[in-house]
Amino acid sequence: MKTQLIERQAQIKKLKQQEFDCLIIGGGATGVGSALEATRRGLKTGLVERFDFAQGTSSKSTKLLHGGVRYLEQAFKKFDWNQFNLVRDALAERKNVIQMAPHLAKPLPLIIPLYQFWQMPYYFSGLLMYDFLSGKQSLGRSKLLSLKQTLELFPTLNTEGMIGSVMYYDGQFDDARLNVEVAMTAIECGAAIANYVEVTEIIKEGEKCRGVRVKDTLTQETFEIKAQIIVNATGPYTDSIRELDQPTTEKLLKVSSGVHIVINKSFAPGEGALLIPKTEDGRVIFIVPWRGFTLIGTTDEPAKVEDNPQATEAEIQYLLKYTNQFLDKTVKREDVLSAWCGLRPLVSPTHAAAKSTAKLSRDHTIITSKSGLITITGGKWTTFRKMAKDTINKVFNQLSFSSTVNSSLSLIPVMGGKDFDRNELDKQLATNVDDEQIRSHLINYYGSRSLIIQEITKELGVERLTPKYPFITAEVVYVYRYEMAQKPEDILARRFRLSFFDSQTSQQLKERVSEIISNLQQVPIEK
Ligand SMILES: Cc1cc2nc3c(=O)[nH]c(=O)nc-3n(C[C@H](O)[C@H](O)[C@H](O)COP(=O)(O)OP(=O)(O)OC[C@H]3O[C@@H](n4cnc5c(N)ncnc54)[C@H](O)[C@@H]3O)c2cc1C
């Protein structure tokens with residue numbers, strides 16, 4: 001099988017040479033989603049990301065595809081029709097994302113513990129409405145569970161004082177891997193996309209934005225990219241790009257930080273997740289099975305914008321406190337295998353955009369500046385396609401031509417989701433990958449693209465990078481050649497996710513991965 005390589009240098013060349021209809025700044029969920037939508041609708045599209053794809057907020061989410069149980073509660077309390085619509089849209093998107101990336105996303109049962117009888121009709125009726133709003137896009141029916149049934153799904157739950165639980169379905173996905181696959185799919189569809197390219201200046205012709213000046217942060221080279229329309233999809237950095245466009249512009253965002261911790265699967269060995277609906281300070285915490293571990297989060301603290309926000313000890317202790325309250329096992333500080341912090345780009349309630357009708361009807365905000373810069377911010381991972389569609393509609397509003405492709409047709413599978421058939425893939429991989437754990441890992445991470453890794457193993461053999469996990473040498477080669485990974489951390493954190501669930505082992509593998517990358521850089525790629 002010969003599949004097209006995705007080389008960063010070739011992408012940079014296209015960015016330098018072409019004149020784009022639309023250039024997107026930011027390679028998180030919002031940016032790559034917009035790039036895919038724009039390319040599919042016939043626009044000549046470019047995208048630049050300052051670090052690696054998903055290195056910002058988009059790799060640090062709770063990894064839930066959710067309609068927003070809390071939004072629904074608000075919709076009920078205020079009888080707010082816009083909120084109902086918001087929930088309904090997000091509910092539909094859960095299923096769309098699962099269809100787009102069946103290897104990376106799946107339905108997840110979640111339980112809400114009940115302690116008082118009044119909670120039973122309260123939560124259950126709300127969740128029946130959640131099911132009703134999802135209509136044909138439902139992921140499964142909500143149910144009331146007895147204590148025994150609850151423990152089957154979540155065996156280590158502390159049931160003291162509990163009378164049962166209510167179970168409902170949302171989706172779960174791998175955020176950074178989906179981010180990378182959406183970006184690579186957009187490249188396959190014709191977009192020019194590169195990581196480690198930072199926008200340093202917005203170029204104008206008269207009053208209008210007509211391009212950007214960028215710096216390739218791997219080579220330090222600077223160059224210009226020409227484009228009719230510029231889209232600012234920089235998440236927490238939204239205001240810094242708006243200031244490049246208009247230095248006196250009013251700040252749009254207030255940023256808050258959200259921390260997650262990861263502990264061993266043995267602390268929560270079931271298939272279900274737990275939702276703690278209300279902490280003493282009114283937050284929601286999830287305890288979720290993820291990639292063979294248990295993920296717990298999140299916090300919500302005012303924060304400043306920085307490149308590498310860190311989880312504070314107080315935030316880790318806060319999450320441990322609630323985990324220990326709800327589990328019948330004690331989780332100690334040394335059981336925390338990894339902790340990370342993401343920044344939420346929240347539109348400031350005092351900004352005019354927050355008060356507009358558009359803001360009321362959806363949780364993302366799109367603003368077009370005088371110079372034509374389109375800023376898209378807020379929202380959530382679950383609705384990244386909807387955000388992309390709304391953004392590209394705004395792009396078309398400014399262009400002198402319209403799209404010939406209807407956006408609703410854009411539900412195409414990402415690279416690894418094409419021709420995805422788990423059993424068939426396993427059968428094919430088994431011809432030379434004997435280890436069942438490795439086969440299952442490759443399918444869960446790369447979907448149908450695991451067959452390319454199989455080709456590479458024919459040359460390199462099936463060699464584990466560590467006896468602890470099923471990552472293999474051939475995978476490093478794959479993500480370097482086909483997913484634009486440039487640095488060991490791109491591979492260990494955002495392609496393998498290892499830094500997110502076992503930071504110590506990730507650190508140990510850094511040198512080995514670095515060595516493989518250097519060898520690959522010295523060998524010209526055979527086309
Ligand atoms: C703690 C937490 C938990 C969450 N959990 C969920 C969840 O479970 N489900 C859900 O649906 N949503 C969740 N979200 C929301 C979701 O993660 C975000 O809405 C989404 O990731 C935002 O993506 P983005 O592309 O807008 O921002 P980002 O991912 O931050 O991307 C912006 C990118 O722009 C780049 N950039 C900045 N400046 C420049 C420049 N000058 N040049 C080039 N590039 C630049 C940055 O490097 C960055 O990669 C969560 C958010 C947080 C913080």
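Q: What is a polar contact, and which backbone atoms lie 3.1 Å from a nitrogen atom of the ligand?
A: A polar contact is a pair of N or O atoms within 3.5 Å. In this predicted model, a nitrogen atom of the ligand is 3.1 Å from a polar backbone atom of Arg50. A polar backbone atom of Val199 is likewise 3.1 Å from a nitrogen atom of the ligand. A side chain takes part as well: a polar atom of the His66 side chain lies 3.5 Å from a nitrogen atom of the ligand. Taken alone the ligand exposes 1000 Å², and the protein buries 95% of that.

Q: How many residues surround the ligand, and which are the closest?
A: The shell around the ligand holds 38 residues, and the closest are Thr30, Glu49, Ser58, Leu64 and Thr382. By character, the shell divides into 13 nonpolar, 18 polar and 7 charged residues.

Q: Which helices and strands each supply at least two residues of the shell, and where does the ligand lie with respect to the domains?
A: At least two shell residues come from each of α2 (29-40), β8 (197-205), β11 (253-264) and β16 (338-347). Domain 1 (8-59 + 177-252 + 348-410) and domain 2 (91-172 + 254-345) both give residues to the shell, so the ligand lies between them.

Q: How should a pair of aromatic rings be read, and how many such pairs does the whole structure hold?
A: An aromatic pair is described by the distance between the ring centres and the angle between the planes. A search of the whole structure finds 20 aromatic pairs. In one of them, the rings of Phe293 and Tyr469 have centres 6.3 Å apart and planes at 50 degrees, so this pair is tilted. The pair links distant parts of the chain: Phe293 belongs to strand β14 (residues 293-297) and Tyr469 to strand β20 (residues 469-472), 176 residues apart. Phe293 counts as buried at 8% relative accessibility, and Tyr469 counts as buried at 10%.

Q: What are the distance and angle for the pair of Phe471 and Phe496?
A: Phe471 and Phe496 form a stacked pair, with 4.5 Å from centre to centre and 5 degrees between the planes. This pair too links distant parts of the chain, 25 residues apart: Phe471 is in strand β20, and Phe496 is in the loop between α17 (488-495) and α18 (498-501). Phe471 is buried, with a relative accessible area of 2%, and Phe496 is buried with 0%.

Q: Which residues do ring pairs link into a cluster?
A: The cluster is made up of Trp290, Phe293, Tyr445, Tyr446, Tyr469, Phe471, Tyr478, Tyr482, Phe496 and Phe501.

Q: Why can helix α16 be called largely enclosed by the rest of the structure?
A: The reasoning rests on a cut-off: a residue counts as buried when its relative accessible area is under 20%. In helix α16 (residues 473-482), 9 of the 10 residues are buried, so the helix is largely enclosed by the rest of the structure. The buried residues include Thr473, Glu475, Tyr478 and Tyr482.

Q: Is Leu492, in helix α17, buried or exposed?
A: Leu492 is buried, with a relative accessible area of 0%. The C-alpha atoms of Leu492 and Leu509 are 8.1 Å apart in space, while the two residues are 17 apart in sequence.

Q: Which side chain does Arg41 contact?
A: The side chains of Arg41 and Glu37 are joined by a polar contact of 2.9 Å. Arg41 lies in the loop between α2 and β2 (45-48) and is buried, with a relative accessible area of 9%.

Q: What should a reader look for in backbone geometry, and where do Tyr196, Arg291 and Thr298 lie?
A: Most residues other than glycine have a negative phi, and most peptide bonds are trans. Tyr196, in the loop between β7 (192-194) and β8, has a positive phi near 55 degrees; Tyr196 counts as buried at 4% relative accessibility. Arg291 has a positive phi of about 50 degrees and is found in the loop between β13 (285-290) and β14. Arg291 is partly exposed, with a relative accessible area of 24%. Just after α16, Met484 takes a positive phi of about 60 degrees. The peptide bond from Gly297 to Thr298 is cis, with omega near 20 degrees, and Thr298 has its place in the loop between β14 and β15 (301-302).

Methods. Residues are numbered from 1 along each chain as its sequence is written. This is a predicted model: local features need pLDDT of at least 70, side-chain atom pairs count only at pLDDT 80 or more; totals for chains, interfaces and linings use all residues. Side-chain values use heavy atoms; hydrogens and water are left out. A residue is near a molecule or strand if one of its heavy atoms lies within 4 Å of it. A polar contact is a pair of N or O atoms within 3.5 Å; within protein, one must be able to donate a hydrogen and the other to accept it, and residues adjacent in sequence count only if both atoms are side-chain atoms. Accessible areas come from the Shrake-Rupley method with a 1.4 Å probe; for residues, only the protein chains shown count as cover. Helices (H or I, at least four residues) and strands (E, at least two) are DSSP runs, numbered from the N terminus. Ala, Val, Leu, Ile, Met, Phe, Trp, Tyr, Cys and Pro count as nonpolar, Asp, Glu, Lys and Arg as charged, and the others, Gly among them, as polar. Domain bounds come from an automatic or database domain assignment. Rings of Phe, Tyr and Trp (its six-membered ring) pair if their centres lie within 6.5 Å; planes under 30 degrees apart count as stacked, over 60 as edge-to-face and the rest as tilted. Buried means under 20% relative accessible area, exposed over 50%, partly exposed in between (1.4 Å probe, protein chains only).
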